[in-house]
Amino acid sequence: MDLGFEGATAVVVGGGRGMGFATARCLADDGARVAVVGRSKAVLDAAATNLADRGSPDAVAIVADVGDPAQVEQLFAEVGDRWDGELNVLVNTVGPGAAGNFEELSEEQWQAAFDGGLMGMVRCVRAALPLLRKAQWGRIVNFSAHSTQRQSTRLPAYTAAKAAVNSVSKNLSLLLAPDEIMVNVVSPGSISSEALLGWADSVGVDGSDPYELMTAIDKHFGHPAHLPRAGLPDEIGPVAAFLASRRNSYMTGANVNVDGGSDFN
């Protein structure tokens, strides 16, 4: 399907690996100019090379820490200079958070969850808005988590920050509707991301087997999906790409679950 990305410009924060990279690949496959953003130059350079090989005409790696307001401003100044002051798509995939129950998490861990999981997105949207408004069309896609609807006692800070992402995204969809800039959220379930695979390794689980991984998630968190396996980043990318595309012409303020099925109870 032609998603209408030919000639479009896109920034994918957290685009060097995992679900962000899977999303960036979908945009590149459809002809978008894609900037992948993160903190590891080596990872980003490899991602940008891959995107260029897939057909992205101006794939670029930009090193920036979205926890630093000055770096975020510099990031979008660079994007504006590169792409004539216009930006069609902003995808925010980052959102770290320490695991631990309410009583275990420190003040610093709570603050880090909100700074990385919420304020990084806020900073990026704020800096990108002039570029999005100048473009002929614009889309924002923010990543949340299914734990906002299906709580885990091991993830209170991470989940609270992601719930805030949902709220801010809904508010932005209302604010930006007159500009016809659409804002939507993707809520992944148990996806074989770097973080989840790291957890699997820490508990002696073979994360490369999505069925074994889901069995472990059920055992440790009590959160099995209806499907008997964990998901893959490549199963998130196309959903995020559609929400970010011109094909999505009338969907805003939505929260799309990609979770292998769940009643959220």
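Colleague: Hi! How many bridges join strand S6 to S7?
Modeller: Hello! This is a predicted model, and in it four bridges link S6 (residues 181–188) with S7, the two strands running parallel.

Colleague: Nice. What's the bridge partner of Val 186 in S7?
Modeller: That would be Val 256, which sits across from Val 186 as its bridge partner in S7.

Colleague: Which helix packs on the sheet there, touching S6 and S7?
Modeller: Helix H5, residues 156–176, packs on the sheet and touches strand S5 (138–143) as well as S6 and S7. The direction of H5 makes about 160° with that of S6.

Colleague: Can you zoom out for me? What's the strand order in the sheet?
Modeller: Sure. The order is S3-S2-S1-S4-S5-S6-S7, an open sheet of seven strands with parallel pairing.

Colleague: And which strands stand at the edges?
Modeller: S3 and S7 (255–258) do; each has a single partner strand, so one side of each is left without a neighbour in the sheet. On average, neighbouring strands are turned by 20° against each other, ignoring direction.

Colleague: Changing topic: where is Ser 56 found?
Modeller: Ser 56 lies in the loop that runs between helix H2 (41–54) and strand S3 (60–63).

Colleague: Buried or exposed, that Ser 56?
Modeller: Buried: the relative accessible area of Ser 56 is 4%, and the cut-off for buried is under 20%.

Colleague: OK, what does its side chain reach?
Modeller: The side chain of Ser 56 reaches the backbone nitrogen of Val 34, at 3.3 Å.

Colleague: Which residues is Ser 56 in contact with, leaving aside neighbours within four places in sequence?
Modeller: Ser 56 is in contact with Ala 28, Ala 32, Arg 33, Val 34 and Leu 51.

Notes. Residues are numbered from 1 along each chain as its sequence is written. This is a predicted model: local features need pLDDT of at least 70, side-chain atom pairs count only at pLDDT 80 or more; totals for chains, interfaces and linings use all residues. Side-chain values use heavy atoms; hydrogens and water are left out. Buried means under 20% relative accessible area, exposed over 50%, partly exposed in between (1.4 Å probe, protein chains only). A polar contact is a pair of N or O atoms within 3.5 Å; within protein, one must be able to donate a hydrogen and the other to accept it, and residues adjacent in sequence count only if both atoms are side-chain atoms. Contact means heavy atoms within 4.5 Å. Two strands pair if DSSP finds at least two bridges between them. Axes are lines fitted to C-alpha atoms, for helices over the stretch in contact, and angles run from 0 to 180 degrees between N-to-C directions.
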